[in-house]
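Trainee: I would like to learn how to read a structure feature by feature. Could we go through one together?
Mentor: Gladly; let us put it on the screen and begin.

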Amino acid sequence: MSSYRQISPEELTRSPFSLIGKDWILITASDASKESGVNAMTASWGGLGILWNKPVATIYVRPQRHTFTLVNECERLSLCFMPDSKRDVLKLCGVKSGKDTDKLKQLGLSVTCEFGAPAICESEMILICKKAYSDDIKEANFNDTDHLKHYENKDFHRFYILEIEKILVKE
């Protein structure tokens, strides 16, 4: 990971709206026992901000995803932002389950756990995060029921608030 340097949240030069909503992220986690290995799931819903006087990221994972179990079990995980040349990686990681296949190996990606969380070495930016809080989105709490159209199967996301411990950018 010597090809990365650490920056502060204030040094981010790209909008979180572009980073997450347009460019997408890979939520990268492993279970506590490491028996399931590392898995990465593409996400385009999330946020970056400040909560409890700390920089945080918020991610959303549906209960049927393999990553859901891994994120629940781990203490730390990473949010990996890939270069545009790896768009095919993001697409595959968004549709294929890591439960049945080693997506990262299949795609020729390398993983490091150098900072206490699994991270994809080909990323252009990595957020090393520690879970701080989680809860399930609840149907009864929707003020605008129009958004229920995203939950035809009542498979409401669990959201995780993650404390951002390190931001690493490729040099």
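**Reading the fold**

Mentor: The chain has four helices and 10 strands, where helices (H or I, at least four residues) and strands (E, at least two) are DSSP runs numbered from the N terminus. Keep in mind that this is a predicted model: local features need pLDDT of at least 70, side-chain atom pairs count only at pLDDT 80 or more, and totals for chains, interfaces and linings use all residues. Residues are numbered from 1 along each chain as its sequence is written, and side-chain values use heavy atoms, with hydrogens and water left out.

Trainee: In what pattern do the helices and strands follow along the sequence?

Mentor: The pattern reads β-α-β-β-β-β-α-β-α-α-β-β-β-β. The radius of gyration is 15 Å, close to the 16 Å of the globule rule for 171 residues, so the chain is as compact as a globular protein of that length. That radius is taken over C-alpha atoms, and the rule is 2.2 Å times the number of residues to the power 0.38.

Trainee: What share of the residues is buried?

Mentor: Buried means under 20% relative accessible area, exposed over 50%, and partly exposed in between (1.4 Å probe, protein chains only). Here 40% of the 171 residues are buried.

Trainee: And how much of the contact network joins residues 24 or more positions apart?

Mentor: A contact means heavy atoms within 4.5 Å. Of the contacts with a separation of 6 or more, 73% are between residues 24 or more positions apart. Helix H2 (residues 66-73) gives a local view: its buried residues are His66, Thr67, Phe68, Leu70 and Val71. They pack against strands S2 (25-30), S3 (38-43), S5, S9 and S10. Strand S9 also holds Ile126, which is buried at 0% relative accessible area. Ile126 and Ser78 are 48 residues apart in sequence, yet their C-alpha atoms are 6.5 Å apart in space.

Trainee: How many aromatic pairs are there?

Mentor: A pair of aromatic rings is described by the distance of the centres and the angle of the planes. Rings of Phe, Tyr and Trp (its six-membered ring) pair if their centres lie within 6.5 Å; planes under 30 degrees apart count as stacked, over 60 as edge-to-face and the rest as tilted. The count comes to five aromatic pairs. One of them joins Tyr60 and Phe159, tilted, with 6.4 Å between centres and 45° between planes. Tyr60 sits in strand S5 (residues 54-61) and Phe159 in strand S10 (residues 158-170), so this pair links distant parts of the chain, 99 residues apart. Tyr60 is partly exposed at 25%. Together, Tyr60, Tyr133 and Phe159 form one aromatic cluster.

Trainee: What is the geometry of the pair formed by Phe142 and Phe156?

Mentor: That pair is tilted too, at 6.2 Å centre to centre and 45° between the planes. Phe142 and Phe156 both lie in the loop between S9 and S10, 14 residues apart. Phe142 is buried at 19% relative accessible area, and Phe156 is buried at 14%.

Trainee: Which phi values should I look at in the backbone?

Mentor: Most residues other than glycine have a negative phi. Trp52 has a positive phi, near 55°. Trp52 lies in the loop between strand S4 (46-51) and S5 and is exposed, at 52% relative accessible area. Lys154 also has a positive phi, near 60°. Lys154 is found in the loop between S9 and S10 and counts as partly exposed, at 48%.
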